[in-house]
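Here are my notes on the model, set out as numbered points. Please read them with the coordinates open beside you.

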Amino acid sequence: MNVLIHEEEDVADKSMIIIGAGLAGLAAGCYAQMNGYRSQIFEHHGQPGGVAAAWQREDYLIDGGIHFLMGHRPGQSLYDLYSELGTAQANRFLDMHEYGEFLDEASGRRVLVTADLDRLAADLKALSPADAGAVDELIAGARAFLAAGTFDVGLGDPPELMGPLGMLKQFWGMRRVYKYLTGKYARPVSEWVQAVRDPWLRQVIENLFLPEVPVWFVLMVLALLADRQMGLLEGGSGEFVRPIEQRYRDLGGQITYHATVEEILVEKDRAVGVRLADPTGTLRSGSQHRADVVVSAADGYSTIFQMLGGRYVDAKVRVRYRDWKLIRPCVMVSYGVAREFRGDPHIRAFILKQPFDVGGPGDQWVFPAHLQL
Ligand SMILES: Cc1cc2nc3c(=O)[nH]c(=O)nc-3n(C[C@H](O)[C@H](O)[C@H](O)COP(=O)(O)OP(=O)(O)OC[C@H]3O[C@@H](n4cnc5c(N)ncnc54)[C@H](O)[C@@H]3O)c2cc1C
């Protein structure tokens, strides 16, 4: 979320414009209303949720968004946040006892990634005794995150408001995992797995999340799983989002859908409002809306380079957008299958014998040997 102006003074009767009704925009709106702002959200799309999206097709729900939720149990600080936003009460979050099952199409080998780290270590070593060292390293990292209380620290003050004492506290809380946040553990997991000898085990570890994420992220996921801090959304992304939108409206917030912000209006280097794209498509003649505070909860690139025209970019930000590698594109193909999957792991990842092709000649996509269901 990009907060463009933060004002410390009395907010009574201050107005706020929020760009985007994804989870960040809706949450920002709820907290704005709770804190006395008169806020409104402009959303490009016709419904809330942003990328946390689901589609109903006949009897099937196609859920393209959030599949698991961190901090889903009462007592965890994220749960308090879900409660304040009204979605915890309206949903049932199910504990994740396992992450998923990986199957190798060629050899028939399979492994279930469970929340029990001892069992996981034993199962991975059984797959490839020669990789016992790498497995021990992975599990030791997960245990370090587990001992650090994983990430219930996440809801402290943001860094700019934390102050020296807060930073010291955070540093102390995370002392056991600092080693894992630097060096080889901060590199993509696809690099770290090169030391794993068994090709299939390599693929399993690499695809526990995405090959591009740093190793520490995978360690954190395993730790969260072991700590029962990962849950499933029984009703899917749509049911998670809907109560938050309702909460925002109940708090007096207003949302305008099909409203695309084209420009953030700036006067004397302060954001003072937004200009919407003209629905008729005539360039640069959309309506203008002013507010004391403008918050962009749209993606960073469009906020910085389009809505603000790239005028407020330092070298660091420019380098990030120019040089950082993007993750490989993911393609989601959804099938409705008329049967229940009760008792099955909720993720099944198949490592295929060979890649498969989509599209005709000249328009061909070759997918790597990995398929997730
Ligand atoms: C396939 C997938 C699976 C995921 N799985 C998980 C998961 O299992 N667990 C988990 O915790 N997270 C998951 N995530 C991540 C999580 O869904 C996102 O981090 C989160 O939903 C992002 O919310 P956001 O509000 O920051 O951004 P977005 O959802 O991108 O919302 C931004 C909103 O701004 C609007 N907007 C953009 N530009 C403009 C404009 N110019 N004018 C007006 N409106 C504009 C967009 O239409 C959009 O509604 C997943 C994400 C994806 C894509």
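1. How many bridges join S12 to strand S13, and do the two run parallel or antiparallel? There are 6 bridges between S12 and S13 (residues 270-276), and the two strands run antiparallel. Within this pairing, Ile-264 stands opposite Val-274 in S13. Please keep in mind throughout that the model is a predicted one.

2. The two strands belong to an open sheet of 3 strands, ordered S12-S13-S14 and paired in antiparallel fashion. Strand S12 (261-267) and strand S14 (288-290) stand at the edges with a single partner strand each, so that one side of each is left without a neighbour in the sheet. On average, neighbouring strands of this sheet are turned by 30 degrees against each other, when direction is ignored.

3. The loop that leads from strand S11 (254-256) to S12 contains His-258, a residue other than glycine whose phi is nonetheless positive, near 55 degrees. Because 13 other C-beta atoms lie within 10 Å, His-258 is classed as partly exposed.

4. A second such case is Arg-228, again a residue other than glycine, with a positive phi near 55 degrees. Arg-228 is found in the loop between helix H8 (215-226) and S10, and it is partly exposed because 14 other C-beta atoms lie within 10 Å. I would look at the backbone of both residues when reading the model.

5. Helix H9 (residues 236-250) deserves a point of its own. Its 15 residues reach 22 Å from the first C-alpha to the last, which is close to the 21 Å expected at 1.5 Å a residue. The buried residues of H9 are Gly-236, Ser-237, Phe-240, Val-241, Pro-243, Ile-244, Glu-245, Arg-247 and Tyr-248, a list that includes the charged residues Glu-245 and Arg-247. As general background, an α-helix has 3.6 residues a turn, so residues three or four places apart point the same way.

6. What lies over these buried positions? The cover of the buried residues of H9 includes helix H1 (23-34), together with strand S4 (54-57), strand S5 (60-63) and strand S10 (230-233). Just after H9, Gly-252 takes a positive phi of about 100 degrees.

7. Helix H1 also takes part in the surroundings of the ligand, where, like strand S6 (68-70), it supplies at least two residues of the shell. The largest share of that shell, 3 residues, comes from H1. Of the 26 residues around the ligand, those that come nearest are Gly-20, Gly-22, Ala-24, Gly-50 and Ala-298. Sorted by class, the shell holds 13 nonpolar, 11 polar and 2 charged residues.

8. Is Val-135, in helix H4 (residues 132-147), buried or exposed? Val-135 counts as buried, because it has 22 C-beta neighbours inside 10 Å. Leaving aside residues up to four places away in sequence, Val-135 touches Ala-121, Leu-124 and Lys-125. Lys-125 is 10 residues from Val-135 in sequence, while the two C-alpha atoms are 6.7 Å apart in space.

9. Finally, some totals for the protein as a whole. Its secondary structure comes to 11 helices and 19 strands, and buried residues make up 31% of its 373 residues. Among contacts with a separation of 6 or more, 64% are between residues 24 or more positions apart.

Key. Residues are numbered from 1 along each chain as its sequence is written. This is a predicted model: local features need pLDDT of at least 70, side-chain atom pairs count only at pLDDT 80 or more; totals for chains, interfaces and linings use all residues. Helices (H or I, at least four residues) and strands (E, at least two) are DSSP runs, numbered from the N terminus. The expected span of a helix is 1.5 Å times one less than its number of residues. A residue is buried if 20 or more other C-beta atoms lie within 10 Å of its own, exposed if 12 or fewer, and partly exposed in between; C-beta atoms are placed from the backbone. Two residues are in contact if their C-beta atoms, placed from the backbone, lie within 7 Å. A residue is near a molecule or strand if its C-beta atom, placed from the backbone, lies within 6 Å of it. Two strands pair if DSSP finds at least two bridges between them. Axes are lines fitted to C-alpha atoms, for helices over the stretch in contact, and angles run from 0 to 180 degrees between N-to-C directions.
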